[in-house]
Amino acid sequence: MRSARLSRVPALDENQFRAILEKDLCIAQGDMVFVHSSTDGLRLQFPAARMLTMLLNLVGSEGTLLFPSYPRLGSYEFLMSGEVFDVRKTPSYMGLITEVARRHKGAIRSFHPTKAVVAIGRYAKEVTASHQLCHYPYDRESPYGKIRDYGAKIVGIGVSTSRLSCVHCVEDEMKEDFPVCPYHDRLFAAKCIDYDGNTRIVKTFAHDMRKSNSRLNLPAFMKTHISEDICRDFEIHGMKFFKADACKLFTRMIELARTGITIYPKCLYEKDRSSPMAHLGTV
């Protein structure tokens, strides 16, 4: 259905697409931009891999681009499989552009088995440096948390806010004070291979997709609770896009969560929350 819908809209040439990046998504020189994307959600007259070059040119040498770079399978399934995450070789299954970015000669990938981030640009090393220390993958020292310190923009290209991963920073910041426990109650010890070829253990929790997958409607949450100057979904020629201010979005979602308003339905709320780390061991 999506392919049929896109086949009926005019394809974008490079100049039109660049104008969307600059004028609608407001990407400029020196920006730090976290990019969510799907080439299947776009109709382009040029090779999709060109998107990365265009984005790099827009942010320039002083800018930084980030992309989610998760391995195959969901977090829990990947960790249960015992598959070893190799930061140098494990492909990204988050779309074509994320894999193109992973293979870029200047890319640095955060060392996390399930929620890795690829960064290219001035602050790539700084924002990816400590992800392996985060038991909660979207915690303050993860790339998702660190981008707020740089005034980062978050954009969606060919996708809506249904793909906005940084919303999970709120639950990882609040931990047991968050009204929902979104994780499986195990702290996994995952074998990973670092850039030097050494095998290391990275401990992490895994999201319980029975709570997250089909129950969330992020575009509806944004439209209802978040002002458009903070986060906005929109369409151009039937293609989906969004833009968000990382710091303002986090601040507003923290405020909402403290009043009991979160991205999760009330049926998942728990009256007496305790951190999953407090009472369960490692596998």
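Which residues does Ile254 touch, not counting residues up to four places away in sequence? In this predicted model, Ile254 touches Val170, Glu173 and Met174.

**The setting of Ile254**

Ile254 belongs to helix α11, which covers residues 246–258. The residue has a relative accessible area of 6%, and because buried means under 20%, Ile254 counts as buried. Ala49 offers a point of reference elsewhere in the chain: in sequence, 205 residues separate Ala49 from Ile254, and in space their C-alpha atoms are 36 Å apart.

**The protein as a whole**

The secondary structure comprises 11 helices and 10 strands. For 283 residues, a compact globule would have a radius of gyration near 19 Å, and the 18 Å of this protein agrees with that value. Among contacts with a separation of 6 or more, 71% join residues 24 or more positions apart. The table gathers further overall values.

| Property | Value |
|---|---|
| Span of the C-alpha trace along its principal axes | about 55 × 45 × 35 Å |
| Share of the 283 residues that count as buried | 53% |
| Area exposed by the protein | about 13000 Å² |
| Share of the exposed area supplied by carbon and sulfur atoms | 48% |

**Charged side chains**

The protein carries 40 positive side chains and 32 negative ones. The centres of these two sets lie 4 Å apart.

Conventions: Residues numbered from 1 in each chain as written. Predicted model: local features only at pLDDT ≥ 70, side-chain atom pairs only at ≥ 80, totals over all residues. Heavy atoms only, no water. Helix = DSSP H or I, 4+ residues; strand = E, 2+ residues; numbered from the N terminus. Buried < 20%, exposed > 50% of the residue type's maximum accessible area, 1.4 Å probe, protein only. Contact = heavy atoms within 4.5 Å. Rg over C-alpha atoms; globule rule 2.2 N^0.38 Å. Areas by Shrake-Rupley, 256 points an atom, 1.4 Å probe, with all protein chains shown as cover. Lys, Arg positive; Asp, Glu negative; His and termini not counted. Charge placed at Lys NZ, Arg CZ, Asp CG, Glu CD.
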